[in-house]
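The following questions and answers introduce a structure to a reader who has not met it before. Each answer sets a value against its definition.

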Amino acid sequence: ILTRAEKASALVYREILMALDAACEVLLLDEDVECEDGGSIVNPLMEILRHDTGMVDNMSNSGTLRKSFLDAMAVIESVVSTHSLEHSLRNIEISSTEQQRDYVSHYGNVVPPAFFQRNEAIWRGRVKPNALEHAQSVQLAAKRLVEAIAVDFWGVETVNYNEEDGTLDLSEAKETKNPVMQDIFNNQIAIKEIPTWAKDAETTIKREKTTLQESDAKTDRYYFHPRDRNAKILKTRYTTEKVQEAMSDYVEACINARSEVERVLTKLSWDIVDNGHLPAILQASHLNLILSTAAYHAASSNAKGWSVAAIHDDEDDGNNDTSSAGHFQGVWPYWMAQTESVPNTFDLNGLFLLTAPNMSGKSTLMRSTAAAALLINSGLCAPVSRGSAIRRFDSIFVRGASADVPT
């Protein structure tokens with residue numbers, strides 16, 4: 001639904017990738033697992049999938065279906081960043097971590113890392129960098145901002161970067177303590193006071209001035225009070241034109257990059273729908289749902305001591321007594337623990353008249369038998385002991401008083 005509505009996020013597409021990859025692994029189970037009776041695991045799953053989803057003819061066999069899964073994975077992987085899925089996806093070759101390098105800008109302590117995190121974390125790592133045009137603009141704008149802050153706020157005369165980690169070198173900065181303040185609410189970087197070392201520090205130009213005095217025009221660094229998001233002057237903060245311009249360019253570049261990520265993901269949804277990959281995603285999701293349901297049922301049944309019983313048809317002969325509707329070995333109420341109940345063993349052959357005093361367990365036995373028969377006929381585990389068997393049926397009738405429902 002999200003993909004068709006063009007609302008699927010990168011996280012959703014990563015979940016789809018994992019579902020497709022798991023489905024590919026499932027379709028190879030017959031090659032990796034040998035059944036005790038020599039049967040198939042995949043074919044019954046395909047039958048259930050075909051029945052539940054109305055699988056189209058071109059996906060009717062496991063090989064064709066698996067190929068459709070791989071094609072859908074290739075389309076998604078070409079756009080969505082998979083840097084956290086290197087060891088999870090087994091059926092498709094993904095780009096190396098270095099090729100998907102898309103980390104939040106970091107230049108040391110010149111600018112609070114939280115500022116870059118606030119502006120970039122919301123869109124970084126969603127899609128591959130080579131699918132974006134504005135990602136490089138953000139990197140350049142971040143570098144210009146860092147250099148402007150280093151010169152105007154820290155007092156760095158010559159900008160140098162550390163070769164090892166790429167951070168800006170502050171060893172020769174005139175400021176010994178970090179003067180930079182981050183305004184989270186207004187998404188700004190400023191300082192509390194004009195540095196004492198700044199050239200012509202006594203000359204400040206307020207933002208409301210439209211012209212500069214001649215003496216001021218000769219300075220390449222001047223300070224003024226910035227404005228907040230409501231255009232009100234922040235009298236306890238100072239900045240410079242160079243920093244303000246670099247910061248505006250950086251924020252705008254981040255906004256453009258975020259919009260581009262959304263456009264790329266929207267286009268991906270178009271490609272998935274237009275190129276017919278949506279049915280494959282649906283089949284993979286349903287296949288995972290079937291298997292997860294079966295896994296949870298098996299785990300719960302093992303914990304409760306439930307077992308799998310045999311099912312025989314009317315045309316069976318030899319090993320099964322087709323005259324009996326079923327042989328129930330140690331059946332007990334499904335709503336009770338095995339250790340707290342009394343099991344019953346009997347053959348359901350012919351018509352029975354069950355009589356006993358009130359509250360002696362007649363309804364409990366009938367309800368337990370009906371529930372066990374329904375579970376067994378559905379191919380599920382049931383509250384019976386090993387050795388139970390029933391005939392395949394298509395209907396079952398049980399009547400019980402509403403006041404006699406177990407709680």
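Q: Which residues form one aromatic cluster?
A: The cluster consists of Y107, F115, F116, Y161 and Y250. The model is a predicted one, in which local features need pLDDT of at least 70, side-chain atom pairs count only at pLDDT 80 or more, and totals for chains, interfaces and linings use all residues. Residues are numbered from 1 along each chain as its sequence is written, and side-chain values use heavy atoms, with hydrogens and water left out.

Q: How many aromatic pairs does a search of the whole structure find?
A: The search finds seven aromatic pairs.

Q: Why is the pair of F116 and Y250 called edge-to-face?
A: Rings of Phe, Tyr and Trp (its six-membered ring) pair if their centres lie within 6.5 Å; planes under 30 degrees apart count as stacked, over 60 as edge-to-face and the rest as tilted. The ring centres of F116 and Y250 are 5.4 Å apart and the planes stand at 75 degrees, so the pair is edge-to-face.

Q: What makes this pair a tie between parts that are 134 residues apart in sequence?
A: F116 belongs to helix α5 (residues 113–120) and Y250 to helix α8, so the pair ties together parts 134 residues apart in sequence. Helices here are DSSP runs (H or I, at least four residues), numbered from the N terminus.

Q: Why do F116 and Y250 count as buried or exposed?
A: Buried means under 20% relative accessible area, exposed over 50%, and partly exposed in between (1.4 Å probe, protein chains only). F116 has 1% relative accessibility and therefore counts as buried; Y250, at 0%, is buried.

Q: How do you know that E157 forms a salt bridge with K174?
A: A salt bridge is a side-chain nitrogen of Lys or Arg within 4 Å of a carboxyl oxygen of Asp or Glu. The closest N and O atoms of E157 and K174 are 2.9 Å apart, which satisfies this definition. Both residues lie in the loop between α6 (135–152) and β1 (180–183), 17 residues apart. E157 counts as exposed because its relative accessibility is 55%, whereas K174, at 41%, counts as partly exposed.

Q: What makes E262 and R258 a salt bridge?
A: Their side chains meet at 3.9 Å, N to O, and the definition therefore holds. E262 and R258 both lie in helix α8, four residues apart, about one turn of the helix.

Note on methods
Helix = DSSP H or I, 4+ residues; strand = E, 2+ residues; numbered from the N terminus.
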